[in-house]
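Me: I'm new to this protein and would like to get to know it step by step. Could you show it to me and take my questions?

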Amino acid sequence: MIYLDYSATTPISFDVLDSYNKASKDFFANPNSLHGLGVKARELINSATKQISELFGVNETEIFYTSGATESNNLALIGTVFANQKRGNHIIVSKLEHPSIYGICSYLEKLGFEISYVNHTEDGLVDFEDLRQKMRSTTILVSICAVNSELGVRQPIKSIRQIIKKENPNVIFHSDMTQALGKISINLKDVDLASFSIHKIYGPKGIGILYKNVAVKMTPIIYGSNKENLIPGTPAVPLIAAAAKAIRLGIQDLDRKETFIRKLNERIVEELSLQPDILINSTKYAIPHILNISLLNIRPETFIHAMEEYEIYLGTNTACSSGEISSSVMALYDDKKRASTTIRISLSYLTTTEEITRFLNCFQIVYKRLNSLMED
Ligand code: PMP
């Protein structure tokens, strides 16, 4: 099997699974219970949170556990705009966000919030001048994805922060860093809020993180028994222990991993660029882990299933919205055909040179076959 859909999700690392299993067996009690077993479980959460906060260079009280990046994004956007609506009703997002951000925006729009979509350059970077111009006295939140999930375009988060804060220091800056963690180095000093998902970094599904700077006011979006808790309910002790392990392992050796992945990416681009009717959609600002292409004459589902016959697994635009046209490719190229024929090849440090050789061989066979069927 050759798995090339690492941006949709990653296989869990056995070390991380060990942490999950150990916490499930030895720390099964409810961390909200007062007895000794509950205290032990609470201590495990505290030590995982301490570890995560040290790895992120933030305070322990600034880490919140969610079920994944979708929930983190919901809490980040809805929670902050509700808590800060006395200051205004205007939100700015980019045109290269994950679909979950657009889903939240359309909900907020129905409630009377106004959303502006900041323009980008032809390579997909946020247009600084447009961002400056779109800022209003009523702007309360700006949300910009650090690494786009479809094209891999990486935004200059630090510069974006400087622009926002220079225009208005009270504006809250959120970044969806789901595709950035474990792929590039991140600095949480550059943002007020950040969303993460652990299943993208060789951890289990069902756990995400929201980083929230202590100064950011936030209204809960889920209500439960403990009024002081932003996220009520019984904490998922094993998932939290596994998250700490996954983050620790995930952010190791990033430069070495990236150099290796870049070589694989360049090899694929070099070979596929020679083919007729294939367009490379990822721009020069894309991280090498994500390579988006359009096969202009072939439906993505057809191609993906044909590759599956060789046990090669690829992605379409994003696993969360398979079958639809790629909103990021549409935003960048304004070309419906290009945006409806995208394939996403996402690589990992686990990918081998041999896998890419086989992938390219099978690609040629399948591409030729499907193209000839189109001609008949
Ligand atoms: N944001 C981005 C950038 C993503 O890539 C994803 C996953 N496709 C999400 C949010 C949603 O993450 P989760 O599956 O943890 O809800």
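Me: What percentage of the 376 residues of the protein count as buried?
Reply: Happy to start there, and please keep in mind that this is a predicted model. A residue counts as buried when its relative accessible area is under 20%. Of the 376 residues, the share that meets this is 55%.

Me: How many helices and strands are there in the protein, and what is its radius of gyration?
Reply: The protein has twelve helices and twelve strands. For 376 residues the globule rule gives 21 Å, and the value here is close to that, so the protein is as compact as a globular protein of that length. Along its principal axes, the C-alpha trace spans about 70 × 50 × 35 Å. The radius of gyration is 21 Å.

Me: Among contacts between residues at least 6 apart in sequence, what percentage join residues at least 24 apart?
Reply: Contact here means heavy atoms within 4.5 Å. Among the contacts you ask about, the share that joins residues at least 24 apart is 72%.

Me: Is strand β5 largely enclosed or open, and which strands pair with it?
Reply: Strand β5 covers residues 139-143, and five of its five residues are buried, so it is largely enclosed by the rest of the structure. With β3 (residues 90-94) it pairs in the parallel sense over four bridges, and there Val 93 stands opposite Ser 143. A parallel pairing over three bridges joins β5 to residues 172-176, which form β6. So the answer is that β5 is largely enclosed, and its partners are β3 and β6.

Me: Which residue of β6 stands opposite Leu 141, and what is the handedness of the crossover from β5 to β6?
Reply: Leu 141 of β5 has Ile 172 of β6 opposite to it. Between these two strands the chain passes through helix α6 (residues 157-167), forming a β-α-β crossover. The residue is Ile 172, and the crossover is right-handed.

Me: Which residues of β10 lie on each side of the strand, and are they buried or exposed?
Reply: In a regular strand the side chains alternate between the two faces of the sheet. In β10 (residues 290-295), Ile 290, Asn 292 and Ser 294 are on one side, while Leu 291, Ile 293 and Leu 295 are on the other. On both faces these residues are all buried.

Me: Which strands pair with β10 in the antiparallel sense?
Reply: One antiparallel pairing, over three bridges, is with β9 (residues 278-280), where Leu 279 has Ser 294 as its bridge partner. Another runs over five bridges to β12 (residues 342-346), and in it Ile 293 stands opposite Ile 343. The partners are therefore β9 and β12.

Me: Which element gives the largest share of the largest nonpolar core?
Reply: That core has 51 residues, and the ones touching the most other members are Phe 56, Leu 131, Val 142, Met 177, Leu 188 and Phe 196. Elements that give two or more residues to it include α1, α2, β2 and α7. With nine residues, the largest share comes from α7.

Me: Which residues is Phe 56 in contact with, leaving aside its neighbours within four places in sequence?
Reply: Phe 56 is among the core members that touch the most others. Once its sequence neighbours are set aside, the contacts of Phe 56 are Ile 63, Leu 181, Ile 186, Leu 188, Phe 196 and Ile 247.

Me: Where is Ala 69, and which residues does it touch beyond four places in sequence?
Reply: Ala 69 lies in helix α3 (residues 69-83). Its relative accessibility is 10%, so Ala 69 counts as buried. Beyond four places in sequence, Ala 69 touches Thr 178, Ser 195, Phe 196 and Ser 197.

Me: Is Tyr 202 buried or exposed, and what is its phi?
Reply: Tyr 202 sits in the loop between β7 and β8. With a relative accessibility of 13%, Tyr 202 counts as buried. Most residues other than glycine have a negative phi. For Tyr 202, phi is positive, near 65 degrees.

Terms used: Residues are numbered from 1 along each chain as its sequence is written. This is a predicted model: local features need pLDDT of at least 70, side-chain atom pairs count only at pLDDT 80 or more; totals for chains, interfaces and linings use all residues. Side-chain values use heavy atoms; hydrogens and water are left out. Buried means under 20% relative accessible area, exposed over 50%, partly exposed in between (1.4 Å probe, protein chains only). Two strands pair if DSSP finds at least two bridges between them. A crossover is right-handed if, with the strands pointing away from the viewer, the path from the first strand over the helix to the second runs clockwise. The radius of gyration is taken over C-alpha atoms; the globule rule is 2.2 Å times the number of residues to the power 0.38. A nonpolar core is a set of buried Ala, Val, Leu, Ile, Met, Phe, Trp, Tyr and Cys residues joined through side-chain atoms within 4.5 Å.
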